[in-house]
Amino acid sequence: MRIYRRLRVRLTKRDREELDGLLSGGIQPVRVLLRGLALCQLHDGKAVAEVAASVRLTPKAVREIGRRYENAGLDRALYDRPRPGAQALLEDTQRQRIIAMVCSDPPPGRARWTVRLVAEEAVKRQLVPKVGRETIRVLLLHHDLKPWREKNVVCRRVE
């Protein structure tokens, strides 16, 4: 078993007031509240194992919260870093060309565009090297296009 040095977290007066405000009201993510509670208890002089048991985190997580506070401050201790997200599958020009294709008439022999047909035609017309149906579906969804729907508007005849 590994022996750790005792973690001593001393919150500044400003950080303590900010934490009290965070914990006393408003809607916050649970993980932020648990990290705030852990910091407050560490500031009060409790051991890492006690804090971990009371806020239901692992001792390793509590130690990491304390270290992040000591090294980078309150915001880094409470909140995660922003994540980069997935890389875009289509470039802007490719998206625009596909949208323009969908806004035009469907190929001969077809009544309307379908998601599969859009994907096949985009590759056939060399707008994109390879594209999946889900990528096309999301693209059309973001542009509020539903070319596969035929607008059936029934009007009553007035006699």
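This briefing walks through a few places worth finding in the structure above. The model is predicted, so please read each value as something computed from that model. We start with two nonpolar cores, move on to a pocket and some buried polar or charged residues, and finish with loops and long-range distances.

**The largest nonpolar core**

- The largest nonpolar core has 20 residues, and those touching the most other members are Val 9, Leu 19, Leu 39, Leu 42, Tyr 69 and Leu 78.
- Helices H1 (13-24), H2, H3, H4 and H5 (74-78) each bring at least two residues to this core.
- H2 provides the largest share of this core, with 5 residues.
- Leu 39 is a good residue to click on: leaving aside neighbours within four places in sequence, its contacts are Val 9, Leu 11, Leu 19, Ile 65, Gly 66, Tyr 69, Leu 74, Ala 77 and Leu 78.
- Another core, of 17 residues, lies apart from this one, and its members include Leu 90, Trp 113, Ala 122 and Val 131.

**Arg 35, a buried charged residue**

- Arg 35 sits in helix H2, which spans residues 30-43.
- Arginine counts as a charged residue, yet Arg 35 has a relative accessible area of 12% and is therefore buried, the cut-off being under 20%.
- A polar atom of the Arg 35 side chain lies 2.9 Å from the backbone oxygen of Leu 78.
- Not counting residues up to four places away in sequence, Arg 35 touches Ile 65, Arg 68, Ala 77, Leu 78, Tyr 79 and Asp 80.
- Leu 78 links two parts of this tour: Arg 35 touches Leu 78, and Leu 39 is in contact with Leu 78 as well.

**Helix H6 and helix H7**

- Gln 94 lies in helix H6, and because its relative accessible area is 14%, Gln 94 counts as buried.
- Setting aside residues up to four places away in sequence, Gln 94 touches Leu 89, Leu 127, Val 128 and Pro 129.
- In H7, the buried residues are Val 115, Leu 117, Val 118, Ala 119, Glu 121 and Ala 122.
- Helix H6 (92-103) and H8 are among the elements that cover these buried residues of H7.
- Ala 122 appears in two places: Ala 122 is one of the buried residues of H7, and Ala 122 is also among the members of the 17-residue core.

**The largest pocket**

- The volume of the largest pocket is about 160 Å³.
- Its lining is made up of Ala 88, Leu 89, Leu 90, Arg 95, Glu 134, Thr 135, Val 138, Leu 139, His 142 and His 143.
- Sorted by class, the lining holds 5 nonpolar, 3 polar and 2 charged residues.
- Helix H8 (residues 133-142) contributes the most to this lining, with 5 residues.
- Leu 90 lines the pocket and also belongs to the 17-residue core.

**Two loop residues with a positive phi**

- Most residues other than glycine have a negative phi.
- Arg 56 has a positive phi near 60°, although this residue is not a glycine.
- You can find Arg 56 in the loop between helix H3 (48-55) and helix H4 (59-72).
- With a relative accessible area of 75%, Arg 56 is above the 50% cut-off and so counts as exposed.
- Gln 126 also has a positive phi, of about 60°, and this residue comes just after H7.
- The loop that holds Gln 126 runs between helix H7 (115-124) and H8.
- Gln 126 is exposed, with a relative accessible area of 71%.

**Distances across the chain**

- Thr 12 lies in the segment before H1 and counts as partly exposed, because its relative accessibility is 40%.
- A polar atom in the side chain of Thr 12 is 3.2 Å from the backbone nitrogen of Asp 15.
- Thr 12 and Glu 134 are 122 residues apart along the chain, and their C-alpha atoms are separated by 50 Å.
- Glu 134 is one of the residues lining the largest pocket.
- Asp 105 lies in the loop between H6 and H7 and is exposed, with a relative accessible area of 64%.
- Asp 105 and Pro 147 are 42 residues apart in sequence, and their C-alpha atoms are 9.9 Å apart in space.

Terms used:
Residues numbered from 1 in each chain as written. Predicted model: local features only at pLDDT ≥ 70, side-chain atom pairs only at ≥ 80, totals over all residues. Heavy atoms only, no water. Helix = DSSP H or I, 4+ residues; strand = E, 2+ residues; numbered from the N terminus. Buried < 20%, exposed > 50% of the residue type's maximum accessible area, 1.4 Å probe, protein only. Polar contact = N/O pair within 3.5 Å; in protein donor to acceptor, adjacent residues only side chain to side chain. Contact = heavy atoms within 4.5 Å. 1 Å grid on protein atoms, 1.4 Å probe; cavity = no way out; pocket = protein on both sides within 12 Å on 5 of 7 lines; lining within 4 Å. Points joined across faces, edges and corners; volume = space filled by probe spheres on them. Core = buried A, V, L, I, M, F, W, Y, C linked by side-chain atoms within 4.5 Å.
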